[in-house]
Amino acid sequence: MTEPAALQHRSCQVCPDPKISTLLASTGVSVLFPCAAALQALKRKKRYEKQLSQIDGTLSTIEFQREALENSHTNTEVLKNMGYAAQAMKKVHENMDLNKIDDLMQDITEQQDVAQEISDAISNRAGFGDEFDEDELMAELEELEQEELNKGMRDVRLPSVPSTSLPSRPASTRKRAEDEDEMKQLAAWAS
């Protein structure tokens with residue numbers, strides 16, 4: 001028998017190639033298949049892996065191209081809009097002259113100054129109350145307050161003073177005095 005024919009009759013149980021045995025175990029193929037079928041399965045697997053790798057590379061390239069097209073489209077739109085904005089600004093500025101703008105700004109400033117002068121003239125008291133000295137007014141106000149306070153004090157009735165003598169020191173006051181004496185002694189001792 002030739003080599004391929006010998007491989008077809010041999011079972012994988014006696015096949016010395018560990019890759020084939022692992023492949024068959026991972027795919028769930030019965031171990032009783034001949035080695036030629038296992039080799040064909042391994043070749044098919046390798047072919048599929050190569051195709052998968054090629055397809056993955058193709059998809060990556062297509063994705064890159066799609067992103068590049070989107071970016072170029074976005075850039076084109078941005079440039080187009082910037083051109084529109086530049087044309088619009090040019091059209092707006094056609095009728096503007098820097099000398100006219102300076103003259104207009106001076107006119108506005110003059111009118112604001114006139115408005116401020118008018119506002120100041122209206123808000124001034126126009127001499128009302130300017131003939132009085134503020135210090136004299138404050139002194140007079142203090143005198144009036146003092147008179148009012150004195151008048152209020154005349155009407156106050158104070159309680160009468162007790163005629164009996166008061167105790168020398170209550171017990172709580174004596175205790176407090178003793179505590180204060182002890183604190184003074186401690187302070188003198190500590191220093």
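Confidence varies a lot by element in this predicted model: helix 1 (residues 3-9) has the lowest mean pLDDT of the elements, 44, while helix 3 has the highest, 91. Here pLDDT is the predictor's confidence in each residue, on a scale from 0 to 100, and helices are DSSP runs of H or I with at least four residues, strands being E runs of at least two, numbered from the N terminus. Residues 1-14 fall below 50, and beyond near neighbours in sequence that stretch has 24 contacts in the model, a contact being heavy atoms within 4.5 Å. Where pLDDT is low, the predicted coordinates shouldn't be read in detail. For the protein as a whole, the average is 79, and 75% of the residues score at least 70.

Now for the fold: six helices, zero strands, so to speak α-α-α-α-α-α along the sequence. Helix 3 takes in residues 35-94, which is 60 residues, and spans 88 Å from its first C-alpha to its last. That's close to the expected 88 Å, computed as 1.5 Å times one less than the number of residues.

What's buried in helix 3? Cys-35, Ala-38 and Leu-42, where buried means under 20% relative accessible area with a 1.4 Å probe, protein chains only (exposed is over 50%, partly exposed in between). Across the 191 residues of the protein, 5% are buried. The accessible surface is about 17600 Å², with 57% belonging to carbon and sulfur atoms, by the Shrake-Rupley method with a 1.4 Å probe. Of the contacts between residues at least 6 apart in sequence, 30% join residues at least 24 apart.

A bit of bookkeeping: residues are numbered from 1 along each chain as its sequence is written, and side-chain values use heavy atoms, leaving out hydrogens and water. Local features need pLDDT of at least 70 and side-chain atom pairs count only at 80 or more, whereas totals for chains, interfaces and linings use all residues.
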